[in-house]
Amino acid sequence: MHAADLLQSLTLSQKVAQMFMVGFDGFVPNTHIETMLKQQQIGGVILFRRNVANTEQVAALNLQLQQINARFSPVPLLIGIDQEGGMVMRIEDGVTPLPSAMAFKNTASVADCAALTQIGNAELKSLGININFAPVLDINNNRQNPVIGVRAYGETANEVCQFALAALSGMQAAGMAATGKHFPGHGDTAMDSHVGMPVVAHDRPRLDAVELAPFCAAFNAGLDALMTAHVAFPAIEPDLSIPATLSHAVLNGLLRKELGFKGVVITDCLEMDAIAKGVGTVAAAVQAVRAGADIVLISHTPSTQTAALAAVQAAVEAGEIDIAQIDASVLRILALKQQYQMQNWASLVPSLQAASSMALSQRVHQAAITGSTQPLDKNKPVHLISAEVRAHTEIDEVALGKTPEARNSLAQPLTELGFTVSEQWIALRPDSAELDTALTQAALAPQIIFVSYNATLNPEQQALIAALPQEKLWLIAGRLPYDLDLVPKRQAD
């Protein structure tokens, strides 16, 4: 059935439900998501690591979700995931490893970026995922940005345009719907919108030349969807309490009318603090739709998801949101689902990790390594200090309680290479006790490796690096490569 005809067959509640994507806990459909599918007939689901045990389980989960949905809705589900590469990989084991966006840029190979991104997204599609919340179109032009960093394809608009468009072409060649993010640009901020609302205070000419340039290039290349930023842009929306996600001036005036974007507009999760601690998630759902969003993303809380869906429907019934706007949004969603043949979910067969794919991945990862190197002495013990995330966000996922291997510890590969290794884990902002222990143990060690994590943003890690014996220190930047600037170049790796 054509999208327009399908639209006419839907009730108001079914139309509004198509405009919601929700998350849930578990490796199999739980009561929460089954209820959302059966009673609400929501249009999409987002997966996180909490939904991933292995690739076989993910494929089975997605099949079950579509099967449940098909019993109650004539429209297939959007099943989305944040699989950018690098640190934002919800599925890691069993798929071809994708480097971060910044790593792709460091290889200086646009062709490799397109090829490897196509491989990774073809694997996702074979598992039943049909929309990826990538590529990132933000520009990493603020070294103090705590949330973008290595997720960006470069530090200039030109770099991001080159590599992000290569990634976009690879995704679409794999049959994956692509979602550029975070419009109008989250790069030049020093705050994480998971914990507050940043402001990008540049004037309009600067925004046109820099922040908006990758998005405009992606629009011209046929970007399918975009994700909004919970960031204030006073040059477009004068009210600093209104982030882009909730701004009619941004989503309708700038995005639709000025820039002519025809694709699907998806909010970033409305449970992030920039929204939840502001207007509130439920009220924000109504405001986002009124502003021009097509899909509302609420990743976690069942009661909030249900309340937000009811609030949007009530706003339409009360005339606060025009039904014509709802129809336009749902038509875009239905057209996207048909364009990528999302109704063919039953015929998918997992196809993962070909030898050639793994070889390409290894070559790209090796090419992306920067910094100077000095060999370690296998005859001397190594003391390993690793900074780890202990507070969960959608970007920084907690590793506590996992095995050293699952925590991405270097201890195991070093041991396998014949080194004698002792290891200490510290917080991203270690307290005085952790720092004292680290310095005491380091003083006794002939070789020290410190794996930092955004040390350039954390004074405590910087103090530790400065206090460690420089003549026997190897620094490995665990996330932002700018950490390598904190020690003499000859000692950085």
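Q: Is Asn 142 buried or exposed?
A: This is a predicted model, where local features need pLDDT of at least 70, side-chain atom pairs count only at pLDDT 80 or more, and totals for chains, interfaces and linings use all residues. Residues are numbered from 1 along each chain as its sequence is written, and side-chain values use heavy atoms, with hydrogens and water left out. On relative accessible area, under 20% is buried, over 50% is exposed and in between is partly exposed (1.4 Å probe, protein chains only). Asn 142 comes in at 16%, so call it buried.

Q: Where is Asn 142 placed?
A: Helices (H or I, at least four residues) and strands (E, at least two) are DSSP runs, numbered from the N terminus. Asn 142 sits after strand S6 (131–132) and before helix H7 (157–173), in the loop between S6 and H7.

Q: Which side chain does the side chain of Asn 142 make a polar contact with?
A: Setting aside residues up to four places away in sequence, Asn 142 touches Gly 187, Asp 188, Thr 189 and Ala 190 (contact meaning heavy atoms within 4.5 Å). A polar contact is a pair of N or O atoms within 3.5 Å; within protein, one must be able to donate a hydrogen and the other to accept it, and residues adjacent in sequence count only if both atoms are side-chain atoms. At 3.2 Å, the side-chain partner of Asn 142 is Asp 188.

Q: Which side chain meets Asp 188 in a salt bridge?
A: Asp 188 is buried at 17% relative accessibility, and it lies in the loop between strand S7 (177–183) and helix H8 (204–209). A salt bridge here is a side-chain nitrogen of Lys or Arg within 4 Å of a carboxyl oxygen of Asp or Glu. The partner is partly exposed at 26%. At 3.2 Å, N to O, that partner is Arg 206.

Q: How many residues apart are Asp 188 and Arg 206?
A: The two side chains form their salt bridge at 3.2 Å. Arg 206 belongs to helix H8 while Asp 188 is in the loop between S7 and H8, which puts them in distant parts of the chain, separated by 18 residues.

Q: What is the N to O distance in the salt bridge of Arg 151 and Glu 84?
A: Both ends are out of the way: Arg 151 is buried at 5%, and Glu 84 is buried at 11%. Their side chains meet with an N to O distance of 2.7 Å.

Q: How many residues apart are Arg 151 and Glu 84?
A: Their side chains form a salt bridge. Arg 151 is in the loop between S6 and H7 and Glu 84 is in strand S4 (residues 83–85), so to speak a link between distant parts of the chain, with a separation of 67 residues.

Q: Which residue forms a salt bridge with Asp 273?
A: Asp 273 is partly exposed, at 22%, while its partner is exposed, at 68%. The closest N and O atoms are 3.5 Å apart, and the partner is Lys 277.

Q: How many salt bridges does a search of the whole structure find?
A: Those pairs, including Asp 273 with Lys 277, belong to a longer tally. The search of the whole structure gives a count of 19.

Q: What is the C-alpha to C-alpha distance in space between Ala 467 and Leu 435?
A: Ala 467 is in helix H18 (residues 459–467) and is partly exposed at 45%. Along the sequence, Ala 467 and Leu 435 are 32 residues apart; in space, C-alpha to C-alpha, the distance is 9.6 Å.
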